[in-house]
Each structure stands twice: as C-alpha cells, then as structure tokens.
Amino acid sequence: MRRVAVIGGGPGGLYAALLLQRLDPRREITVWERDAPDDTFGFGVVLSDETLGGIESADPAVHDALRREFVRWDTIEIVHRGRHLVSGGHGFAALGRRRLLEILHTRCAGLGVRLRFRTPAPPAAELARTHDLVIAADGIHSTTRTAHAAHFRPRITGHRCRYLWLAADLALDAFRFEIAETPHGVMQLHGYPYTPGTSTVIVEMREEVWRAAGLDAPGPEGLRRSLGHCAAVFAGALDGRPLRAHHSAWTAFRTVVTERWSHGRTVLLGDAAHTAHFSIGSGTKLAVEDALALAACLREREDDGVEAALAAYETERRPVVESTQRAAAASLHWFEELAVPLGQPPRQFAFNLLTRSRRVTHGNLRLRDPAFTDAVEQDFGCPPGTPPMFTPFRLRGLELRNRIVVSPMDLYSAVDGIPGDLHLVHLGARALGGAGLVMTEMVCVSPRGRITPGCAGLWTDAQATAWRRITRFVHDAAPGTAIGVQLGHSGRKGSTRRMWEGMDDPLPEGNWPLQAASALPYRPGVGQLPHALDRAGLTAVREEFTAAARRAATAGFDLLELHCAHGYLLSGFLSPLTNHRTDGYGGPLAHRLRFPLEVFDAVRSVWPGDRPMTVRISATDWADGGTTADDAVEIARAFADRGADAIDVSTGQVVRQERPAFGRSYQTPYADRVRNALGVPVIAVGAISSWDDVNSLLLAGRADLCALARPHLYDPHWTLHAAAEQGYTGPGAPWPAPYRAGSRPPPTGRTDGPAPRLRLDA
C-alpha cells in the first residue's frame with residue numbers, strides 16, 4: 001500500500017494520515033481539506049484517558065504535545081433548582097480544537113504528509129482509481145457516504161433538541177450541567193474548560209422551547225439574539241460574561257449509523273460512519289480511536305490486502321462504536337426528556353444525570369466519590385450497609401423484602417394446562433434463591449388463549465390445585481418470598497409450536513382457532529388468520545379472565561399481573577398497528593383502552609382487596625405508526641387510575657416488523673418515563689443483567705422493582721449471590737437454613753505470588 005488519499009482534514013483524518021505515514025515513510029499520503037488550516041467549528045475537545053493511552057503508544061510525539069496543552073479536572077457540578085451538587089473522581093482532559101489541529105498539522109508536515117488546504121477532494125470513486133486506500137473522514141455531512149449510499153446504507157435519525165456550540169472567556173472548574181426552568185420551558189447548559197481562561201458552553205433545549213423563546217430567528221441578527229438570551233439565562237454560571245460564537249448555528253443532533261463502513265478500497269472514518277451525542281464525550285475521541293484501530297489493522301493484515309484489512313477493522317471497531325452509540329442514545333434521550341425527572345430531590349436528580357448513559361453506575365460512582373454516593377443512598381432510605389436492591393417495598397398489603405423480581409419465563413412444559421414438577425422446581429428454586437417476588441409464566445385463561453400446547457393455565461380447578469402445590473412450597477420453604485401469577489390470552493399469537501421447536505411457527509396439526517382485536521395475522525402468509533372478537537366474544541373472554549383470577553386467589557398467589565403486552569390479546573387492542581376496529585373498541589387510544597380496562601376492572605373486582613395487582617404493557621412497538629412513549633404514559637395512567645398498584649414496563653413483540661434498539665437495560669428509559677411522569681410504582685425489565693445495574697436504576701428513581709429473567713436462568717440463586725458479592729447479610733436476602741453454609745464464596749487456589757520484600761542495588 002503506497003498511495004493513500006484522505007478526504008477531510010479534521011482530527012480523525014489527520015491522525016490516520018500521520019499514523020500511516022509513520023508506519024511506512026515511503027508512503028505517499030495526501031489530505032484534502034476544503035477549509036483553511038485554522039478554520040474550524042467548535043471550541044474545546046475532551047479526550048479520555050483510554051484514548052490518550054492509545055495515542056501515547058502509537059505516537060509519543062503527539063501525546064507529549066497534547067499533554068502540554070491539556071486542562072485537567074475531575075469534578076462534575078450539577079445545578080438543579082438552586083442547589084449546587086458536586087461529584088468528584090471522574091477525570092477529564094481537554095484542549096482547544098484549533099490547537100489540536102495545529103499539533104496534528106505540524107506532526108503530519110514533519111512526517112511528510114501532503115496537506116492540501118482550501119482544496120475540495122476529488123470524489124472517492126475517482127481517488128480509488130489512483131490510490132491504494134481512500135479514507136473518507138469527511139464528517140457528518142459526508143459526500144462520500146452520500147455518493148455511495150446504496151452500498152454504505154446509512155440510517156440518519158434526527159432528534160428533538162436544538163443545541164448551540166459557544167465559548168465564554170472564563171475557566172469553569174468542573175464539567176458543569178446547569179438546568180434552567182424558563183417561562184418557555186427547560187434549557188440546559190453543558191460546559192467545561194479547555195484553556196486556563198476559556199470554556200466551551202453548549203446550550204440545549206427541546207425544539208418547541210427553542211421556538212417559544214424566539215431563538216429560531218435566522219441570520220446574524222438571530223444569532224446575536226441567541227447569544228444574549230443564553231448569556232442572560234445562564235448568567236450565574238458564566239459569572240456575567242458574554243458568550244461568543246465561531247461558525248455556530250442552532251443544530252438538531254443527528255445520529256448516523258451505517259450498515260457498512262467500507263466499499264472496495266474506500267473506508268468511512270469518524271462522523272462519516274457514525275455519530276454519538278456530545279453529552280457522553282466528543283466525536284473527536286471516536287474518530288481518533290477509529291484512526292488508531294484502522295492503522296493497526298492495516299499493519300497487521302498488510303499481507304492479506306487492503307480490503308481484508310478494512311474488513312478486520314470494521315469487525316474490531318464496530319462493537320465498540322455500537323456500544324458507545326447505545327450509551328449516547330440513552331444520554332440523548334435523557335436530556336430530551338429532561339423535564340420529566342426535574343421534580344426529583346436534588347441529589348437523586350444528580351445521581352440520575354450522572355448515570356443516565358448506564359456507563360457510570362452505582363458501583364463505579366461509589367469508587368469515584370463514596371461520600372456523594374453515601375448521601376444519595378441515605379436520601380433513598382438505605383440503612384447503613386444495605387444496598388438499594390435489598391430495601392423493602394410495599395404494594396398494597398404485600399411487603400416485598402427486596403426489589404428483585406424473577407420475571408415471567410414461559411416453560412411450555414405443562415400438560416393440559418397443568419403445571420408439573422418442572423414448574424415446581426423452576427419457581428421453587430428461584431424462591432429459595434432470594435428474590436423478593438417470583439412470577440409465573442403467562443398463565444392462560446382458556447384453551448384458545450394458549451400460545452403453545454405446553455402453556456400452563458387456570459381455566460380448570462385441577463390446574464388451580466396444581467398451582468396451589470407450588471405456592472405452598474414457596475411460602476413454606478422460602479418464607480418472605482412472594483409469588484405472583486401473570487394472567488394472559490395469546491390472541492393472534494397462539495396455536496404455535498414450542499419455542500425450541502420453531503418460535504411463532506404454526507402447529508403441524510391440531511391447531512385451534514385464534515381470537516384477536518382485528519382479523520390480522522401475526523405472520524402474514526404463514527400464521528393463522530384470527531377471528532375479530534364480537535360483543536359476545538368480548539364478554540366471554542372477560543369472563544374467562546375473571547374465572548381465572550378467582551382460581552388464582554384460591555391457589556394462594558400473592559400478586560396478580562394482567563398481561564397487556566407483547567402482542568397478546570389485550571396488547572392487540574392497545575396498539576394501533578393491531579387494532580383496526582371501527583366500533584367503540586377501536587380508533588383513538590381512549591377507545592382502544594376500553595376492553596383491556598373492562599378486563600382489568602372485572603379481575604380487580606374478584607381479586608382480594610389486600611393483594612396487589614400489576615399490569616404489564618409494551619411501552620413502544622418499535623415500529624412506525626405504533627404505540628409511542630407518550631401513548632405508554634397514557635396507557636399506564638389509565639390503569640393506575642383504575643387501581644393498578646404498579647406498571648410493569650416492557651416493550652415490543654407486538655409486530656413482526658419491529659426494530660428494537662437492543663442493549664443493556666434498553667427498556668428501562670420507558671419505565672423511567674412512566675414513573676416520573678405519573679408518580680406510580682414501576683417494574684423495570686429488559687436486559688438488566690447485574691446487581692450494579694439494579695442498584696443504579698433504583699437510586700436514580702427510574703424504577704421501584706427490577707425484573708430479571710435470563711440471569712435467573714443462568715443462576716437460580718442470583719439474588720443471594722448478589723448479596724454475598726456485596727457483603728450484605730441483612731434481612732433483605734436471608735439464606736434458607738439448609739443453605740447457610742454456602743453463603744460465602746467458596747475458597748479457590750491462590751493465583752498471586754509473594755510480593756518482593758528485599759531489593760539490593762547492583
């Protein structure tokens with residue numbers, strides 16, 4: 001590889017060029033940059049210690065030059081309703097973007113990289129004919145990505161806030177987040193120092209707030225008005241200093257995701273390939289890390305050819321970028337919905353902000369700033385030495401000894417709807433494992449309401465008797481553990497094979513007719529066409545739920561959950577994608593809610609008054625035209641108004657064309673939204689995998705209970721082991737008497753060696 005073309009002279013493109021030149025001085029590397037050397041947007045750039053470590057290893061000269069320029073600090077200050085809260089131990093390093101470019105320009109020129117300023121690059125396809133490698137580092141508006149969109153297949157998503165990148169001539173002494181509640185709505189400031197006397201200031205707000213404040217006026221006069229307005233709103237943070245701009249304009253952040261990063265010998269780098277919201281770091285950091293990985297793969301795979309090296313680069317780098325983008329999306333969403341948690345107590349609000357991306361957790365915040373974390377725990381009500389997850393929680397007449405719920409998990413192993421030994425062992429083991437509440441799988445209210453032939457039910461007294469055997473075991477063998485039943489009806493998703501035989505595949509024989517809100521198959525062309533319930537059918541189904549609830553009460557369940565999620569019957573009424581009715585049960589959301597609410601009322605009327613009742617909902621369909629987060633709040637409100645004691649907030653599984661944004665704790669923002677908008681207890685669920693995540697969610701006020709499924713499949717004693725790992729031995733996680741000898745991790749062989757004690761000089 002001898003000739004390399006770089007499109008775009010930002011930090012990522014320049015750093016890639018100098019690394020490749022340093023690896024092989026014989027290379028002919030040219031960087032095209034359409035602007036002048038000192039013509040750049042933005043002000044400060046934040047780099048992490050991890051990024052700096054990579055720079056130091058790859059090019060100590062650049063690292064030394066950067067180190068001399070850095071402003072460093074380790075505190076975050078949050079200003080919320082007049083309270084200033086500070087958390088330390090975080091560690092940041094920043095410098096001016098213009099100075100960063102100067103350092104990279106100097107290093108590139110010294111190594112022999114050709115820098116062509118004020119020169120638009122030829123098209124990537126043209127460069128690829130005369131170069132061995134083309135690096136398209138041409139930013140978020142990448143012309144290379146646009147020209148080859150059919151191959152790169154970008155998805156560009158706009159968002160709901162506007163932001164303005166500015167500077168002020170004062171040195172903030174922390175990374176500062178300040179929230180201003182104005183007559184027009186909530187505005188926020190993100191600020192940090194980047195020279196001893198200058199700070200970056202980013203002002204952000206929802207678009208409707210931006211318009212209401214009159215900040216949408218175009219041109220130089222509009223910008224001057226914006227500068228004055230923002231300086232006045234945040235005068236305290238700025239110590240009365242004015243704000244200044246440089247190529248600044250109100251912008252709506254756009255998330256860029258590309259399915260492919262390379263096309264032949266052309267590769268996208270930095271914002272051309274992916275973007276991540278500025279609230280978790282800088283795009284410069286990602287671009288520099290891209291350059292480091294790209295240079296390493298080109299060197300390691302040199303004998304395999306450029307295209308093989310580019311494939312290796314994407315394989316290595318994509319998971320890291322996708323993880324960053326998920327964290328950025330969580331942070332972006334948190335700030336978009338900033339008005340929702342504003343009513344939280346100041347310290348809880350600050351903890352919520354600090355942990356918004358899910359990258360900072362209760363555990364590592366405790367390492368960084370134990371005093372701050374102790375204060376948050378104290379406000380939450382944690383007794384000394386008690387992790388948040390082991391505090392009790394009351395729902396109506398039921399007090400749960402801790403905040404852990406074993407989520408419903410379908411076993412598909414019942415015979416004629418009767419739960420057997422596997423159900424006893426499955427639920428009994430997890431009750432012995434320490435969870436506060438153990439939930440059954442979805443228990444079907446009728447034979448026609450089954451998902452598979454192996455689904456458990458409560459449509460006969462024999463089934464209730466079998467369930468009574470299980471609840472008795474839980475109450476006798478694991479005193480203090482509650483057991484709940486989830487009642488549901490499969491709707492259009494019924495009459496299918498067991499999951500391990502072909503999920504959602506129709507039965508080869510013995511199918512039963514399906515019932516649904518509308519005659520729409522779940523799998524068009526594959527699945528069965530359901531029958532749209534008429535008035536008589538609605539009444540019959542409601543009676544089936546009522547009869548099942550009576551049996552659940554006599555079977556000894558402590559809690560009942562109504563399943564209104566995941567595309568099953570009641571969920572099918574709630575979603576506009578699955579409810580096309582033209583009668584009083586279809587159309588606007590209030591009408592789509594009618595039948596699920598009728599069922600809830602009927603069940604609540606026969607369920608014992610001292611026992612709680614929850615409702616599981618899908619807070620989004622993850623599909624255009626489906627249930628939205630705003631709809632979910634109204635759905636939750638309707639059930640809470642009718643007496644639901646908590647809302648179990650899940651998402652999706654309603655339509656086949658869904659596109660979920662999977663990731664760690666990916667559904668919890670929806671629980672957060674419901675809880676803080678309505679003030680009702682919520683159960684959070686969805687890829688919550690660690691006790692650190694649970695503690696973080698609870699302390700941040702995003703959930704009251706956390707439901708975990710797969711971790712309890714991996715380890716039935718997950719809750720007890722979480723207590724042991726945190727050194728907790730209190731009443732929130734008692735070990736059953738026969739198991740107490742195993743309440744500490746077993747000893748293992750030593751893997752360390754003796755430390756040296758004697759050193760002699762030569």
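This is a short talk on the sheet, the cysteines and the empty spaces of one protein model.

Good morning. A word on the source before anything else. The model is predicted. Keep that in mind throughout.

Let's start with the sheet. Six strands build it, and the sheet is open. The order across it is β8-β2-β1-β9-β17-β16. The pairing is mixed. As a reminder, strands of a sheet pair through backbone hydrogen bonds, either parallel or antiparallel.

Look at β1, residues 3-7. How many of the five residues of strand β1 are buried? Four of them are, so to speak, under cover; the strand is mostly covered. One neighbour is β2, residues 28-32, and the two run parallel over five bridges. Within that pair, Arg3 stands opposite Glu28 of β2. To get from β1 to β2, the chain passes through helix α1, residues 11-23. That β-α-β crossover is right-handed.

Now β9, residues 133-136. Strand β9 is parallel to β1, and four bridges join the two. Ala5 has Val134 of β9 as its bridge partner.

What about the edges? Those places go to β8, residues 114-116, and β16, residues 262-263. Each has a single partner strand, so one side of each is left without a neighbour in the sheet. For β16, the strand β17, residues 266-268, pairs with it in the antiparallel sense. That pairing has two bridges. His263 finds its bridge partner in β17, at Thr266.

Next, the cysteines. How many disulfides does the count give? Zero. Take two examples.

Why is there no bond at Cys230? The closest cysteine sulfur is in Cys161, and it lies 13 Å from the sulfur of Cys230, too far for a bond. Cys230 is also buried, with a relative accessible area of 0%.

Cys455 is the other example. The nearest cysteine sulfur belongs to Cys444 and is 4.3 Å away. The cut-off for a disulfide is 2.5 Å. Cys455 is in no disulfide. Cys455 is buried too, at a relative accessible area of 0%.

One more buried residue before the spaces. Gln463 sits in helix α17, residues 461-477. The relative accessible area of Gln463 is 0%, which counts as buried. Compare its position with Phe234. The two are 229 residues apart along the chain. Their C-alpha atoms are separated by 64 Å.

Now the empty space. Rolling a probe the size of a water molecule over the atoms shows where empty space is left. The count comes to eight cavities of 30 Å³ or more.

The largest cavity has a volume of about 160 Å³. It is lined by 13 residues. Closest to the centre of the largest cavity are His333, Trp334, Pro669, Asp672 and Arg702. Which helices each supply at least two residues of this lining? They are α12, residues 306-336, and α24, residues 668-678. The largest share comes from α24, with four residues. By class, the lining of the largest cavity has five nonpolar, two polar and six charged residues.

The second largest cavity comes in at about 100 Å³. Its lining holds 13 residues. Nearest the centre of the second largest cavity lie Arg492, Gly494, Thr496, Gly527 and Gln528. This lining divides into three nonpolar, five polar and five charged residues.

Last, a pocket. The second largest pocket holds about 1700 Å³ of space. Its lining has 47 residues. Thr157, His159, Ala329, Trp622 and Ala661 lie nearest the centre of this pocket.

Which elements each give at least two residues to the lining of the second largest pocket? Two are strands: β10, residues 154-168, and β15, residues 251-258. Then there are the helices α12, α23, residues 629-641, and α24. The most comes from α12, with twelve residues. By class, the pocket lining divides into 17 nonpolar, 15 polar and 15 charged residues.

So note α12 and α24 when you open the model. Each supplies at least two residues to the lining of the largest cavity, and each does so for the second largest pocket. Thank you.

Terms used: Residues are numbered from 1 along each chain as its sequence is written. This is a predicted model: local features need pLDDT of at least 70, side-chain atom pairs count only at pLDDT 80 or more; totals for chains, interfaces and linings use all residues. Side-chain values use heavy atoms; hydrogens and water are left out. On a 1 Å grid over the protein atoms alone, a cavity is a set of points where a 1.4 Å probe fits but cannot get out, and a pocket is an open set with protein on both sides within 12 Å along at least five of seven lines; lining residues have an atom within 4 Å of a point. Grid points are joined across faces, edges and corners, and a volume is the space filled by probe spheres set on the points. Ala, Val, Leu, Ile, Met, Phe, Trp, Tyr, Cys and Pro count as nonpolar, Asp, Glu, Lys and Arg as charged, and the others, Gly among them, as polar. Buried means under 20% relative accessible area, exposed over 50%, partly exposed in between (1.4 Å probe, protein chains only). Two strands pair if DSSP finds at least two bridges between them. A crossover is right-handed if, with the strands pointing away from the viewer, the path from the first strand over the helix to the second runs clockwise.
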